[in-house]
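I opened the model today to look up burial, contacts and charge pairs. My entries follow in the order I made them.

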Amino acid sequence: MITTLAYQIRGQDPVYALEGSIAIAGALVQWLRDNLGMISKAPEVEDLARTAEDNGGVYIVPAFSGLFAPYWRSDARGVMVGLTRYANKGHIARAVLEACAYQTRDIVEAMNKDSGVDLAHLKVDGGMVYNDLLMQFQADTLAVPVIRPKVAETTCLGAAYAAGLATGFWSGFEELSKNWSVDRTWEPAMKAIEREEGYKGWKKAVERTLNWVE
């Protein structure tokens, strides 16, 4: 994990955050679209993934230029494993979405260990949070609720809030917190044994990426 500066209010001590860096997440959907041509628009990945009930044993680890946190392995390269004649493009699309969720679980597991504080819920933001299938799987694999706010572009919103605080448009954090509201929450619905078997398969797939570049 990386300790990074989150923000600092004038006249106050800086506030730090524990950061987990992932090299390829949403870009994996772009790869499916642009390199493989399996979809024409990024949102279509959800409909394609829904044509399969599960990943069919297929895992994709997008270590295209190595793995970032928590592995930090520059020698890793991307793999697609578990292929059989049964596997189809629906399974591959599911594996793409699940790779994003599993990489998040890798980060959360490391953060829980480093901080000594277990994650109680996950607040999400960005373009991929509108993929309902991914959000449900994220809740399932983390075994915690996943919460999407009404304003999902948090980075832009944070910059606007910082500017507003600096100019006195807002009085402080208490006023800002009143602007935040929930759009939707996904509750975990997967059985524990199924969740851990899936994650076990992911960890095996990650092992296959290592030591590729000598």
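**Entry: Asn55.** I started with Asn55, which is buried because its relative accessible area is 10%, under the 20% cut-off. I am working on a predicted model throughout. Asn55 sits in the loop between α2 (44-49) and β3. I checked its side chain next. One of its polar atoms lies 2.8 Å from the backbone nitrogen of Gly57. Leaving out residues up to four places away in sequence, I found Asn55 touching His91, Arg94 and Glu98.

**Entry: the loop between β3 and β4.** I moved on to Gly66, in the loop between β3 and β4. Is Gly66 buried or exposed? Gly66 is buried, at a relative accessible area of 2%. Beyond residues up to four places away in sequence, Gly66 touches Ala23, Arg73, Ser74, Ala76 and Arg77. I also took the C-alpha to C-alpha distance from Gly66 to Val79: 11 Å, for 13 residues of sequence separation.

Pro70 is in this loop too. I looked at the peptide bond between Ala69 and Pro70 and found it cis, with omega about 0°.

Trp72 belongs to the loop between β3 (59-61) and β4 (79-81) as well. With 43% relative accessibility, Trp72 counts as partly exposed. I asked which residues form a nonpolar patch on the surface with Trp72. They are Ile2 and Phe68, and the patch has about 260 Å² of accessible area together.

**Entry: Thr209.** I then went to helix α7 (residues 192-209), where Thr209 is placed. Thr209 counts as buried because its relative accessibility is 1%. I listed its contacts, not counting residues up to four places away in sequence: Val61, Ala63, Leu67, Asp75, Ala76, Arg77 and Val79.

After α7 comes a segment that holds Asn211. Asn211 is exposed, with a relative accessible area of 57%. Its phi is near 60°, a positive value in a residue other than glycine.

**Entry: the nonpolar core.** Which members of the largest nonpolar core touch the most other members? Of its 44 residues, they are Leu32, Val45, Val61, Leu97, Met135, Val146 and Trp202. I traced the core to its elements: α1 (26-34), α2, β3, α3 (89-115), α4 (132-142) and α7 each supply at least two residues. The largest share, 10 residues, comes from α3.

I picked out Leu97 for a contact list. Apart from residues up to four places away in sequence, Leu97 touches Val29, Val45, Glu46, Ala49, Met128, Asn131, Leu133 and Leu134.

**Entry: helix α4.** Why is α4 largely enclosed by the rest of the structure? The reason is that 9 of its 11 residues are buried. Among them are Leu133, Met135, Phe137 and Gln138. I checked what covers these buried residues: the cover includes α2, α3, β5 (122-123), β6, β7 (182-186) and α7.

I looked at both ends. At the start of α4, a side-chain oxygen of Asn131 reaches to within 3.3 Å of the backbone nitrogen of Leu133. Ala143 follows α4, and its phi is positive, near 60°. Ala143 lies in the loop between α4 and β6 (146-149). Ala143 counts as partly exposed, at 35% relative accessibility.

**Entry: charge pairs.** How many salt bridges does the structure hold? I have 11. I went through some of them.

The side chains of Arg50 and Glu46 meet at 2.9 Å, N to O. Arg50 is partly exposed at 47% relative accessible area, while Glu46 is buried at 13%.

Glu109 and Arg105 also form a salt bridge, 2.9 Å from N to O. Both lie in helix α3, 4 residues apart, about one turn of the helix. An α-helix has 3.6 residues a turn, so residues three or four places apart point the same way. Glu109 is partly exposed, with a relative accessible area of 37%. Arg105 counts as buried, at 7%. I followed this pair outward: Arg105, Glu109, Arg195 and Glu196 are linked in a network of salt bridges.

My last pair was Arg148 and Asp132, at 3.6 Å, N to O. This pair links distant parts of the chain, with Arg148 in strand β6 and Asp132 in helix α4, 16 residues apart. Arg148 is buried at 8% relative accessible area, and Asp132 is partly exposed at 24%.

Terms used:
Residues are numbered from 1 along each chain as its sequence is written. This is a predicted model: local features need pLDDT of at least 70, side-chain atom pairs count only at pLDDT 80 or more; totals for chains, interfaces and linings use all residues. Side-chain values use heavy atoms; hydrogens and water are left out. Buried means under 20% relative accessible area, exposed over 50%, partly exposed in between (1.4 Å probe, protein chains only). Contact means heavy atoms within 4.5 Å. Patches are made of residues with over 30% relative accessible area and no salt bridge: like charges are joined within 9 Å, nonpolar side chains (Val, Leu, Ile, Met, Phe, Trp, Tyr) within 5 Å. Accessible areas come from the Shrake-Rupley method with a 1.4 Å probe; for residues, only the protein chains shown count as cover. A salt bridge is a side-chain nitrogen of Lys or Arg within 4 Å of a carboxyl oxygen of Asp or Glu. A polar contact is a pair of N or O atoms within 3.5 Å; within protein, one must be able to donate a hydrogen and the other to accept it, and residues adjacent in sequence count only if both atoms are side-chain atoms. A nonpolar core is a set of buried Ala, Val, Leu, Ile, Met, Phe, Trp, Tyr and Cys residues joined through side-chain atoms within 4.5 Å.
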